[in-house]
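Reader: Hi! Could you take me through one part of this model, the negative surface patch, and then add a word on the backbone in the loops?

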Amino acid sequence: MSRHLIYHFFLLLCSLFYFQAEVQAFQVARNAPPIELNDPHNTMYVHLYYLQPETFQPQKAARTFPPQIDSADRVELAQQLKEVFDGQGLYVRLNMIPHRANYMDSSIMQHIYTPFPMENSDIYLERIEGKWYYSMETAEKLDDIHATLYPWWGQMLLDFIPQWGTSDFGGLRIWQWMGIALMVILGFVFFWTARAISGFLIRRFIIDRLHVVENKSKLTRLMAKAAGLLVSFILLSRIYPALRLPVQVAETVRLTLAIIIAVLIFVLIYRLWRIIMAYLKEGAEKTETKMDDQILPLIDGAITTIIFIGAFFYILSLMHVNVAALIAGLSIGGIALALAAQDTVRNLLGSIMAFIDKPFQVGDFVELDGEFGSIVEVGFRSTRIMTKDTSIISLPNGTVANMKIRNLGIRP
């Protein structure tokens, strides 16, 4: 049993207890909102307020859909949309919804408001003749969205739940706890099955076709484990809405699963890159030139850094951090850092020039700055030389680029 799988499932289960489960998905105000529909805030307020257990009046909630839709259909759509919010863990925070009647989406310059653009962009409000309603596109797609979240077999299972299964225990119903236990079991089954299948496919169509020999079994095992975890958590993210968890709990589960899935995707990309690097290294060992031996570690470091930076910013975006503003701030800080680290930049450019101009390769016997020795390594910052007494001298690449280099290793 994989300790990584156990860790991920433990993280998922902890998310269920992060919030005290609350039946209500919406903080009911003391006073009922006026049904004005004059801005996005009032429309969503009216829709959710009149679908709470204490203030359940679906006919009023249905008025948030366009009037050209049949009244009975509007009632059903309003209830379906509330269930979609709850099932996907889309917790509506009223203080973040605009109050402006002339609100406009700046990206498309239209009077449209999308409450959850990342999680579900098909659900949005639009201004129609001065009133804000859920859009016709939302109404048309709502049946499919609802059916995806709550498949027919889920409702069939709910019909078979005995009376004792609907009792509350620890903030959830007993049948929901049983569903969570079943999800954990299914997660292990999905993992073992996906790992076995992906391991075969990776070995057959990637490892063998690239003719990777070194660490063949280890590379296959690590990538198959990441693929198995990814498949299992993707499948669980499709199943958990059927548990009909309280929206605050569902929100935490959704965010936890999204972060785990994102991490596993980048881990899978990194594992694939390790296989490609193993292939490139084996190819470099067969060539006579040493230049590829020098440049491969630099490429490896650059790609690995890009993968980790990409994962970092993507996870921040899942947590609704303004990544664009963060990058802009880092850019300003980067300018200041670059001014303070001119020597580092000069050394980096010097290493690039060494690869382009090729004045020496790893293993050549050279004279640099009056020092004789063999080139051991050419890095991002410095070039290392082993002298006759086996001591190592490091020279900054920015300085090496301006030196007179005497290469004794390429003489006939």
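Author: Happy to! Helices (H or I, at least four residues) and strands (E, at least two) are DSSP runs, numbered from the N terminus. With that naming, Asp143 sits in helix α5. The model is predicted, so local features need pLDDT of at least 70, side-chain atom pairs count only at pLDDT 80 or more, and totals for chains, interfaces and linings use all residues. Residues are numbered from 1 along each chain as its sequence is written, and side-chain values use heavy atoms, with hydrogens and water left out.

Now the patch: Asp70, Asp73, Glu76, Asp143 and Asp144 form a negative surface patch. Two or more of its residues come from each of α4 (71–88) and α5 (136–149). Patches take residues with over 30% relative accessible area and no salt bridge (a side-chain nitrogen of Lys or Arg within 4 Å of a carboxyl oxygen of Asp or Glu), and like charges are joined within 9 Å. Asp143 has a relative accessible area of 44%, which means that this residue is partly exposed; buried is under 20%, exposed over 50%, and partly exposed in between (1.4 Å probe, protein chains only).

On to the loops. Met109 lies in the loop between α4 and β1 (112–113), and its phi is near 55°, positive in a residue other than glycine. Met109 counts as exposed because its relative accessibility is 55%. Arg244, in the loop between α8 (216–239) and α9 (247–285), has a positive phi of about 50° although it is not a glycine. Arg244 is partly exposed, with a relative accessible area of 28%.

Notes
Patches are made of residues with over 30% relative accessible area and no salt bridge: like charges are joined within 9 Å, nonpolar side chains (Val, Leu, Ile, Met, Phe, Trp, Tyr) within 5 Å. Accessible areas come from the Shrake-Rupley method with a 1.4 Å probe; for residues, only the protein chains shown count as cover. Lys and Arg count as positive and Asp and Glu as negative; His and the chain ends are not counted. The place of a charge is taken as NZ of Lys, CZ of Arg, CG of Asp or CD of Glu.
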